[in-house]
Each structure stands twice: as C-alpha cells, then as structure tokens.
Amino acid sequence: MLTAFALLLSVTAVLAFLNERFFRLPTTVGVTLAGALSSMLLIALDALGLTGPRGWAAGLLETLDFTDFVLNGILSILLFAGALGLDARQLLRQRFSILTLAVFSTLLSTFLIGFAAYGIFGLVGLNVPLLWSLLFGALISPTDPVAVLDLLKRAAVPKRIETLIAGESLFNDGVGVVIFLVIAGMAGIGHSHGTGSVVGALELFGREALGGMAFGALLGAIGFLMLREIEQHAVEVLITLALVVGGYVAASALGVSGPLAMVVAGLVISAGRDVAFGEETREHIESFWETTDQVLNILLFAFIGLDVLLTETTGPQIVAGLLLVVASLLARWISVALPFPLIRRHEDYGPYTVRLLTWGGLRGGIAISLVLGLPQTPYRTHLVTATYIIVLFSIAVQGLTIMPLVHKAVAASPDSAGPDSAGPGGGQEDGENAGRQLSSET
C-alpha cells in the first residue's frame with residue numbers, strides 16, 4: 001500500500017508539474033485529463049500486446065482501493081477544509097437557498113436521473129433494475145465544486161454566488177451519500193443497515209442526516225472550546241486534525257453521516273474563528289488547511305484520471321454513458337430551476353444563477369467512490385462506466401468552458417446591488433467591484 005501511494009503521489013506531482021509548465025489548465029482539470037490520457041495509453045499498449053505496464057499499474061491502483069481512499073480516507077479532510085474556508089455567517093444568511101438546493105434538488109435529481117437511467121439502459125439492451133438505476137441517480141447527483149471554485153475566485157465572482165455554489169455542494173455531498181445508503185438499504189445491498197420499508201428508510205435518513213449534523217455541531221463546539229483556550233499554532237493544527245479524523249471514525253461507529261458531521265464541524269469553527277484564533281495563529285491554521293485541501297484535491301483528481309485504467313467497457317455501456325451525460329445535465333437544470341422561484345422570494349439572485357449552478361455542478365470523487373463500492377453484480381460495470389463518462393465530461397468539458405458563463409453572470413448585474421449582493425447591507429461593494437473588474441478586463 002505504501003508503494004502504491006508513493007507511486008500515486010509521484011505520478012500526480014509529475015502530472016501537475018507538466019500541466020503548470022506547459023498547458024496551464026486549472027490544476028484539477030489538467031491532472032485529471034493527463035491521468036486519463038496516461039491510462040488510455042497503457043490500455044492501447046495492452047491492446048497491442050504489451051500487457052506488462054497496464055497489469056502492473058492496475059495492480060497498484062487496486063491496492064489503494066479508490067472507495068476506501070476517498071470515503072474512509074481523504075473525504076473528511078476535504079469537507080472540513082472546504083467548510084472552514086467558507087464564511088459561516090454569510091452561509092447562515094443564505095441557509096434557505098443552500099438547504100433547499102442541497103436537499104430538495106438532490107432528491108429530485110436522484111429520481112430524475114434514476115428513471116432516465118432505467119429507460120436508457122433498457123434502450124441499449126443492458127436492462128438495469130429500477131432500484132439500481134435509482135442508486136445511480138443518488139451517486140451521480142451530488143456536485144463537486146473543487147474544479148470550478150478556483151475559477152470563480154479568479155473571476156471575482158460576488159461572494160454570495162460563491163457561497164451558494166460551495167455551500168450547496170458541501171451539503172449535497174453528505175445528503176447524496178445518505179440518499180444512496182437509503183436506496184441501497186431498500187435494495188438489500190451494501191452495509192447500509194438495510195431495510196425495505198419506507199418507514200425504515202425515513203428513519204435511516206433521519207438518523208444519518210440529522211444525527212450527523214448534530215454530532216458535527218457537538219464536535220465543532222468541543223473543538224472551539226479547546227482552541228480558544230490556547231495560542232500555539234502547532235497544537236491547534238493537531239487539535240483540528242484529531243477533530244476531523246477521529247470525529248469521522250466516531251461518526252461511522254455511531255451510524256451517523258460522517259460527511260455532514262465534518263461540514264457542520266468546520267462551519268462551527270469557521271463561525272468562531274475570530275474568538276478561537278489569534279491573528280498569527282489564524283494565519284497558520286488557515287494556511288495549513290488551505291494547502292492540505294489543495295494538495296489532496298489534486299491527488300484525488302489525478303486518481304480519478306488514472307483509475308480509468310481499471311474500467312472495462314463495452315459499446316452499449318459507452319452509448320448509455322454518453323446519453324446519461326445529457327440526462328444528468330437536464331436533470332440538474334430541472335432540479336435547480338424548479339425551486340428557484342421560491343428561493344428568489346427569500347434571496348435575490350441574478351438571471352444567470354440557474355445556468356451557472358447547472359453548468360458549474362461538476363461531478364467528482366464522491367460519485368466514483370460510491371459506484372466502485374457497489375458489490376459485484378452484472379449491473380455494476382454498467383454503472384461504473386456511465387459514472388466515469390459523466391465525471392470525465394463534467395471535469396473536462398464543463399470545467400474548461402465555465403468561464404464565459406461566469407463572466408455573463410457577473411456582467412448581467414452591473415450594479416450588483418440586488419442580485420448578487422452578500423445580503424442586507426453586506427456584499428454590495430464586492431459585487432460592484434466584481435462588475436467593474438470584469439468590465440475593465442473586457
């Protein structure tokens with residue numbers, strides 16, 4: 001395992017270097033594409049009779065196990081770091097829109113994609129059962145903002161839109177995992193404390209989601225109380241690390257959602273950062289978590305690209321995957337657009353927000369880790385192939401073409417006093433500055 005991790009780390013460093021030196025794509029997009037192209041090269045060599053390199057590389061990747069690497073490894077750190085980097089007060093002001101999108105839109109998207117997948121798989125002759133199609137809908141619905149958030153920051157997107165996209169994604173990761181576990185339980189597969197009844201499914205959802213958030217609030221409060229009593233950055237980094245790693249393991253043991261617990265714990269500490277950290281200590285803590293987040297994200301996206309090596313595909317599976325790219329985008333748009341009139345009654349957003357949320361809703365590591373964790377059945381490979389196609393399209397095509405839409409979203413509200421302001425009396429200046437900066441760049 002150490003050899004496999006060392007190889008992954010070394011290959012990722014080389015891919016990231018080549019991208020920064022020659023291609024200058026957003027790092028997560030660049031390393032994903034480079035990893036996928038490297039995998040395809042090994043597959044091509046294997047087809048030509050040179051089987052050694054592919055077999056050796058595949059063996060090392062299987063040693064790491066993508067599902068364990070993500071769900072039981074780096075996910076807790078990524079979610080906590082993402083939540084810690086958000087402005088918790090701003091997120092609280094936008095709580096209605098974020099929770100509506102994270103819960104209602106994720107549920108709606110799950111069923112829309114699930115029924116579409118059931119029809120598409122049947123159309124190409126793969127005949128995947130409905131519950132497995134709904135499982136696919138659950139695992140592909142959560143969005144991953146990692147690749148797009150850096151672009152949003154570079155474009156000086158108003159804080160309100162950035163918080164909306166990041167906050168929704170952080171929460172829908174946890175909600176999506178819970179929905180996945182509920183459907184898996186109804187299908188009687190996996191380690192989901194399975195139950196076939198609707199009441200049992202609701203109980204599982206409540207325990208995982210509400211229990212996870214409550215446990216995360218408790219963890220965050222304990223961490224905050226400890227952090228405010230000391231002023232030594234190395235010890236405070238150690239406390240936050242223990243909170244994340246130990247808290248995630250404890251959440252799993254208690255049967256509550258670890259992802260949601262980490263998001264809430266990070267937000268609690270973010271809300272109290274001015275009290276918990278001194279000025280110098282806060283700089284060290286935020287720098288540590290920001291760097292850790294960036295490094296692990298690059299590693300994760302390189303793993304996504306390289307893991308293509310392990311995916312066996314057939315013609316019908318590829319056709320189904322391509323059709324599901326369209327279906328997943330359409331489902332994302334419907335699931336966001338449908339509740340948006342209600343959201344606009346509470347908070348005013350610009351005219352391009354729905355399109356930005358749709359095209360900026362990238363899929364990533366959560367989807368792949370969930371699909372690879374499914375038990376071996378005749379349907380598993382169909383779902384794996386479709387997931388990889390959607391994720392690679394999402395990262396490569398959506399990730400590289402989001403900037404024109406971002407520019408339109410900012411330019412659509414040149415005064416920025418209403419649509420994208422940070423809230424009553426707050427963030428208006430940010431929006432005006434963003435509009436002026438974009439106009440000068442244009």
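## Exercises on a predicted model

The side chains of Glu286 and Arg273 come together in a salt bridge, with N and O 2.6 Å apart. This pair links distant parts of the chain, since Glu286 belongs to helix H14 (residues 279-306) and Arg273 to helix H13 (residues 273-276), 13 residues apart. The model is a predicted one, and the exercises below start from this pair.

### Exercise 1

Classify Glu286 and Arg273 as buried, partly exposed or exposed, and then trace which residues are linked with them in a network of salt bridges.

*Solution.* Begin with the cut-offs: buried means under 20% relative accessible area, and exposed means over 50%, with partly exposed in between. Glu286 has a relative accessible area of 28%, so this residue counts as partly exposed, whereas Arg273, with a relative accessible area of 13%, is buried.

Next, look along helix H14, where Arg282 and Glu286 both lie, four residues apart, which is about one turn of the helix. Their side chains also meet in a salt bridge, at 2.9 Å from N to O, and Arg282 is partly exposed because its relative accessibility is 27%.

Finally, put the pairs together: Arg273, Asp274, Arg282 and Glu286 are linked in a network of salt bridges.

### Exercise 2

Describe the salt bridge of Arg24 by its partner and its N to O distance, and state how accessible each of the two residues is.

*Solution.* The partner of Arg24 is Glu20, and their closest N and O atoms are 3.6 Å apart; the cut-off for a salt bridge is 4 Å, so the pair qualifies. Arg24 counts as exposed because its relative accessibility is 61%, while Glu20, at a relative accessible area of 35%, is partly exposed. By the same rule, the count of salt bridges comes to eight.

### Exercise 3

Find which residues touch the most other members of the largest nonpolar core, and list the contacts of Phe136 beyond four places in sequence.

*Solution.* The largest nonpolar core holds 129 residues, and Phe121, Phe136, Phe171 and Leu324 touch the most other members. Helix H9 (residues 159-187) supplies the largest share of this core, with 14 residues. Leaving aside neighbours within four places in sequence, Phe136 is in contact with Ile113, Ala117, Leu324, Leu383, Ala386, Thr387 and Ile390.

### Exercise 4

Identify the residues of the nonpolar surface patch and decide how Leu107 is classed by accessibility.

*Solution.* The patch is formed by Val103, Leu107, Phe111, Phe115, Tyr118 and Leu130, which together have about 510 Å² of accessible area. Helix H6 (residues 95-123) contributes the largest share, five residues, and Leu107 is found in helix H6. Because its relative accessibility is 31%, Leu107 counts as partly exposed.

### Exercise 5

Summarise the protein chain as a whole, and state where confidence in the model is highest and where it is lowest.

*Solution.* First, the secondary structure comes to 20 helices and zero strands, and buried residues make up 54% of the 442 residues. Among contacts between residues at least 6 apart in sequence, 82% join residues at least 24 apart. The chain exposes about 18500 Å², of which carbon and sulfur atoms supply 66%.

Then turn to confidence: the chain averages a pLDDT of 86, and 88% of the residues score at least 70. Confidence is highest in helix H15 (residues 315-337), at a mean of 97, and lowest in helix H20 (residues 428-441), at a mean of 39. Over residues 417-442 pLDDT stays under 50, and for this stretch the model has 41 contacts beyond four places in sequence.

Note on methods. Residues are numbered from 1 along each chain as its sequence is written. This is a predicted model: local features need pLDDT of at least 70, side-chain atom pairs count only at pLDDT 80 or more; totals for chains, interfaces and linings use all residues. Side-chain values use heavy atoms; hydrogens and water are left out. A nonpolar core is a set of buried Ala, Val, Leu, Ile, Met, Phe, Trp, Tyr and Cys residues joined through side-chain atoms within 4.5 Å. Buried means under 20% relative accessible area, exposed over 50%, partly exposed in between (1.4 Å probe, protein chains only). Helices (H or I, at least four residues) and strands (E, at least two) are DSSP runs, numbered from the N terminus. Contact means heavy atoms within 4.5 Å. Patches are made of residues with over 30% relative accessible area and no salt bridge: like charges are joined within 9 Å, nonpolar side chains (Val, Leu, Ile, Met, Phe, Trp, Tyr) within 5 Å. Accessible areas come from the Shrake-Rupley method with a 1.4 Å probe; for residues, only the protein chains shown count as cover. pLDDT is the predictor's confidence in each residue, from 0 to 100.
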